[in-house]
Amino acid sequence: MRCRRCGEKAEIYLKRHNTAFCNNCFQVYYSEQVRRNIRRYKMFRPSDRVLVVVSGGKDSMALWHILLKEGYNVTGMYINLGICGYSDRSQEVVEQFSQKYNAPLIVKNIEKDYGFSIPILAREIRRSTCSICGTIKRYIFNKVALDGGFDVVATGHNLDDEAATLLGNVLSWQEGYLARQAPVLPSTHPKLVKKVKPLFTLTERENLAYIIFNGISFIHEECPHALGASSIFYKEILNKLEEESPGTKQRFLTNFYKKGRKCFAKYSEPVKLRECKICGQVTTAEICSFCRLRQMAEKKMKADSLLQEGENH
Ligand code: Q46
Ligand code: ZN
């Protein structure tokens, strides 16, 4: 098979575009997609300071690399979630990238910075690790971006992620989530930083190809808590549809943005935002969900130490 652009031997076939590219031309295609998404959706300008959330996985590492290559003012941000083995291994990958490309990096560590562990807290208060993790990550992205004077937070969500989220939201008719799902989440409060997804038109496979063609290291394993997540199941279903009818995933998502999303606009009533009484971050309640989690962790630690003291006497 020959590359569609230059006629050289092709190295990747993209079924949904019925086209094949050599390594170089694939990189041109990839860069064009990212540039077009940034421009068309007004994600950020060349002068903006961009905070890229990196997990060590292929998508976020591809995003970090392409934004640096395109000359944007980018800083990586990694959060060590304290997930046994996985977190330390992914931190190492991210730090090595930062050194290799001389790329600025901010590292946060939940246990060291806030004194509690996500998996232990989840067990103690009987909530899913992923829901606590999601709350904490969203809080920290915003806080770091705000404190550091960043204009925008960019994440590596890809076409597969976004189509699976859409399918999940449609299956349970989550009107509010459908109204808010978008490649750009604008700032709705001076203390909320805008969030963007520049890779939302690129598939997992395309991000993997980009990573391999550029020799970028990444963590191959998934977070152990992702096992059994419904998003993985939705991705499998979408992959089956894609096999039968290439382009389904992209049509599903982009036509939702073009035609479907506006039908749910009325469910996106602006909520009253205020500042958390404890930390000052934006919330809808008196105390934000991060501070409530922190309070629960502190309460639990206090109770444990009292129990320990009792046992020692
Ligand atoms: S990191 Fe956190 Fe994910 Fe791991 S604990 Fe769940 S939410 S699966 S993207
Ligand atoms: Zn708070």
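A residue counts as buried when its relative accessible area is under 20%, as exposed when that figure is over 50%, and as partly exposed in between. Keep that in mind, since we'll lean on it as we walk through this predicted model.

Let's start with the whole chain. The protein chain has 313 residues, and 47% of them count as buried. Its secondary structure comes to twelve helices and ten strands. If you lay the chain along its principal axes, the C-alpha atoms fill a box of roughly 80 × 45 × 40 Å. How does the radius of gyration fit with a compact globule? For 313 residues, a compact globule would have a value near 20 Å, and the protein chain has 21 Å, so the two agree.

Now for the charged pairs. Side chains of opposite charge can pair when their charged atoms come close. A search of the whole structure turns up 13 salt bridges, and a few of them make good stops on our tour.

Take lysine 235 first. Its side chain meets that of glutamate 204 in a salt bridge, at 2.9 Å from N to O. Glutamate 204 sits in helix H9 (residues 204–213) and lysine 235 in helix H10 (residues 230–244), so this pair ties together parts that are 31 residues apart in sequence. Is lysine 235 buried or exposed? Lysine 235 has a relative accessible area of 18%, and because the limit for buried is under 20%, it counts as buried. Its partner, glutamate 204, comes out at 24% and therefore counts as partly exposed. The story doesn't stop with two residues, either: Asp161, Glu204 and Lys235 are linked in a network of salt bridges.

Next, look for lysine 191 and glutamate 275. These two form a salt bridge whose closest N and O atoms are 3.3 Å apart. Here the pair links distant parts of the chain, 84 residues apart: lysine 191 is in the loop between strand E7 (184–185) and strand E8 (194–196), while glutamate 275 is in strand E9. Both partners have some exposure to show. Lysine 191 is partly exposed at 26% relative accessibility, and glutamate 275 is partly exposed at 43%.

For a pair within one helix, turn to aspartate 147 and lysine 143. They form a salt bridge with the closest N and O atoms 2.9 Å apart. What separates them along helix H6 (residues 129–147)? Aspartate 147 and lysine 143 are four residues apart there, which means about one helical turn lies between them. Aspartate 147 is exposed, with a relative accessible area of 56%, whereas lysine 143 is partly exposed at 25%.

Let's move on to the surface patches. Arg39, Arg40, Lys258, Lys259 and Lys262 form a positive one. Which helices supply at least two residues each to this positive patch? They are helix H1 (23–40) and helix H11 (248–260). Lysine 262 is found in the loop between H11 and strand E9 (274–275), and at 58% relative accessibility it counts as exposed.

There is a nonpolar patch as well, made by Phe233, Ile237 and Leu241 and covering about 270 Å². Phenylalanine 233 lies in helix H10, the helix that also holds lysine 235. Phenylalanine 233 is partly exposed, at 48% relative accessibility.

Finally, have a look at some loops. Most residues other than glycine have a negative phi. Lysine 42 goes the other way, with a positive phi of about 45° although it is not a glycine. You'll find lysine 42 in the loop between H1 and strand E3 (49–53), where it is exposed, with a relative accessible area of 65%. Arginine 126 also has a positive phi, near 55°. Its place is in the loop between helix H5 (118–125) and H6, and with a relative accessible area of 77% arginine 126 is exposed.

One last loop residue is glutamate 222, between H9 and H10. Glutamate 222 counts as exposed at 60% relative accessibility. How many residues lie between it and lysine 42 in sequence, and what is the distance in space? Glutamate 222 and lysine 42 are 180 residues apart in sequence and 31 Å apart in space, C-alpha to C-alpha.

Conventions: Residues numbered from 1 in each chain as written. Chains lettered and ligands numbered in written order. Predicted model: local features only at pLDDT ≥ 70, side-chain atom pairs only at ≥ 80, totals over all residues. Heavy atoms only, no water. Patch = residues over 30% accessible without salt bridge, like charges linked within 9 Å, V, L, I, M, F, W, Y side chains within 5 Å. Areas by Shrake-Rupley, 256 points an atom, 1.4 Å probe, with all protein chains shown as cover. Salt bridge = Lys/Arg side-chain N within 4 Å of Asp/Glu carboxyl O. Lys, Arg positive; Asp, Glu negative; His and termini not counted. Charge placed at Lys NZ, Arg CZ, Asp CG, Glu CD. Buried < 20%, exposed > 50% of the residue type's maximum accessible area, 1.4 Å probe, protein only. Rg over C-alpha atoms; globule rule 2.2 N^0.38 Å.
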